[in-house]
Amino acid sequence: EQPTNFTGVPRDHLNQMYAIARAYHTQGASYKSDELYNAYLSAWRWWFTYDPAVKNWWYREIGWPKSLYPSFVLMAREMKTRNPQDYTNMYNYLMKYWTTTRINTYLTNPDGANTSDILLYVFPTVIADGNQTRIKDAANVYASLFSIVRGAKSNGVHADYSFSQHTAHGRQVYLGNYGKEFIGGLIEFVKLSHGTYFQLSPQRISFFEMLFLEGVSWISYRNMFDMNQLGRTNSMSGYSKCTSALNNLIQQNTPRKAELQTLYNWMIRSSATNGINVQ
């Protein structure tokens with residue numbers, strides 16, 4: 001299907017590539033079959049040759065790579081050996097915006113959820129590739145997001161654990177929308193780095209705990225977020241995404257696990273108890 005200016009179609013093509021990659025690695029009659037491998041390559045070659053584009057920058061820089069990277073991680077090892085040119089083309093497609101200039105910008109002036117969204121696919125991509133320098137660069141940028149931003153118009157988490165995005169014309173609170181994307185990106189780094197050289201420092205883990213305890217908790221009410229925190233959308237999809245991230249953080253056994261568990265239990269309580277349990 002042809003893309004239109006702002007829809008991001010045909011993103012589902014990339015999701016279907018992931019389905020093929022999963023099937024290729026699933027035990028059974030088609031496990032690592034040439035038929036599935038070649039189907040995956042054909043799907044990728046179509047995308048690479050067609051190279052869809054839309055006016056909305058988000059799809060090429062964030063949306064499409066986020067849909068592509070899971071299948072790349074699954075297929076990277078075999079593609080690198082069997083079809084090195086396809087491997088290189090896909091790797092370069094995913095890494096297009098991971099430049100030295102961008103890395104320096106992310107470190108000095110991060111763009112909140114947009115930065116965490118890019119890292120969400122860049123970090124697994126460089127791990128799959130095995131380039132130690134790029135792994136270190138991505139990990140350093142990722143870790144830097146676990147901190148308070150300075151300046152009223154900065155994008156990210158502020159001293160009161162609110163979250164701002166689209167601040168060019170003034171601060172906009174967005175914890176229930178862009179903030180949930182930011183949290184979704186950060187929890188992936190917590191999980192991937194746990195027990196490794198890149199494991200987060202206690203100070204950065206404390207920051208993440210506080211983002212839930214002093215940020216998310218204050219905008220949550222009766223199984224939903226304060227509408228004022230949703231910015232330009234009225235979707236409550238961020239609520240379940242935040243509770244999922246919170247549950248994942250609890251599994252890491254961080255110092256304030258008990259408090260996080262209490263918050264989690266309160267956030268997922270039955271709506272039938274809302275009338276008597278609103279605190």
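A residue counts as buried under 20% relative accessible area, as exposed over 50%, and as partly exposed in between. The structure described here is a predicted model, and the cut-offs just given decide how its residues are classed. Lys-191, for example, has a relative accessibility of 33% and is therefore partly exposed.

Lys-191 also introduces the charged pairs of the model. Its side chain forms a salt bridge with Glu-188, with the closest N and O atoms 3.1 Å apart. Both partners belong to helix α8, where they stand three residues apart, about one turn of the helix. Glu-188, at 27% relative accessibility, is likewise classed as partly exposed.

How many salt bridges does the structure hold? The total is 13. One of them joins the side chains of Asp-34 and Arg-82, at 3.3 Å from N to O. Asp-34 is in helix α2 (residues 34-50) and Arg-82 is in helix α3, so this pair ties together parts that are 48 residues apart in sequence. With a relative accessibility of 49%, Asp-34 is partly exposed, and Arg-82 falls into that class at 40%.

A further salt bridge connects Glu-181 with Lys-66, whose closest N and O atoms are 3.7 Å apart. This pair links distant parts of the chain, since Glu-181 sits in helix α8 and Lys-66 in helix α3, 115 residues apart. Are these two residues buried or exposed? Glu-181 has a relative accessibility of 15% and is therefore buried; Lys-66, at 16%, is buried because that value is under 20%. The two residues also take part in a network of salt bridges that links Lys-66, Asp-117, Lys-180, Glu-181 and Lys-241.

Several members of this network reappear in the description of the largest pocket. The residues that line this pocket include Lys-66, Asp-117, Lys-180 and Glu-181. The volume of the pocket is about 280 Å³. Its lining is also formed by Trp-57, Trp-58, Tyr-59, Asn-114, His-166, Asn-177, Tyr-178 and Arg-232. Which helices supply at least two residues each? They are α3 (57-82), α6 (113-129) and α8 (178-193). Helix α3 provides the largest share, four residues. By residue class, the lining divides into five charged, four nonpolar and three polar residues.

His-166, one of the lining residues, deserves separate attention for its backbone. Most residues other than glycine have a negative phi. His-166 is not a glycine, yet its phi is positive, at about 55 degrees. This residue is found in the loop between β2 (163-164) and α8. Its relative accessibility of 35% places His-166 among the partly exposed residues.

A positive phi of about 55 degrees also occurs at Asn-253, again a residue that is not a glycine. Asn-253 lies in the loop between α10 and α11. With a relative accessible area of 52%, Asn-253 is exposed, because that value is over 50%.

The loop that holds Asn-253 also contains Gln-252, between α10 (237-250) and α11 (257-267). Gln-252 has a relative accessibility of 18% and therefore counts as buried. Leaving out residues up to four places away in sequence, Gln-252 touches Val-190, Lys-191 and His-194. These contacts lead back to Lys-191, the partner of Glu-188 in the salt bridge within α8. By contrast, the C-alpha atoms of Gln-252 and Gly-130 are separated by 25 Å, the two residues being 122 places apart along the chain.

The interior of the model can be approached through its nonpolar residues. In soluble globular proteins, nonpolar side chains tend to be buried together. Here the largest nonpolar core has 82 residues. Those with the most contacts inside this core are Met-90, Trp-98, Ile-183, Phe-208 and Phe-212. What does Ile-183 touch, not counting residues up to four places away in sequence? Its contacts are Leu-175, Phe-208, Leu-211, Phe-212, Val-216, Cys-242 and Ala-245.

Phe-212, which Ile-183 touches, is also in contact with Ser-217. When neighbours within four places in sequence are set aside, Ser-217 has contacts with Leu-263 and Trp-266 as well. Ser-217 lies in helix α9 (residues 202-219). At a relative accessible area of 18%, Ser-217 is buried, because this value is under 20%.

Methods: Residues are numbered from 1 along each chain as its sequence is written. This is a predicted model: local features need pLDDT of at least 70, side-chain atom pairs count only at pLDDT 80 or more; totals for chains, interfaces and linings use all residues. Side-chain values use heavy atoms; hydrogens and water are left out. Buried means under 20% relative accessible area, exposed over 50%, partly exposed in between (1.4 Å probe, protein chains only). Contact means heavy atoms within 4.5 Å. On a 1 Å grid over the protein atoms alone, a cavity is a set of points where a 1.4 Å probe fits but cannot get out, and a pocket is an open set with protein on both sides within 12 Å along at least five of seven lines; lining residues have an atom within 4 Å of a point. Grid points are joined across faces, edges and corners, and a volume is the space filled by probe spheres set on the points. Ala, Val, Leu, Ile, Met, Phe, Trp, Tyr, Cys and Pro count as nonpolar, Asp, Glu, Lys and Arg as charged, and the others, Gly among them, as polar. A nonpolar core is a set of buried Ala, Val, Leu, Ile, Met, Phe, Trp, Tyr and Cys residues joined through side-chain atoms within 4.5 Å. A salt bridge is a side-chain nitrogen of Lys or Arg within 4 Å of a carboxyl oxygen of Asp or Glu.
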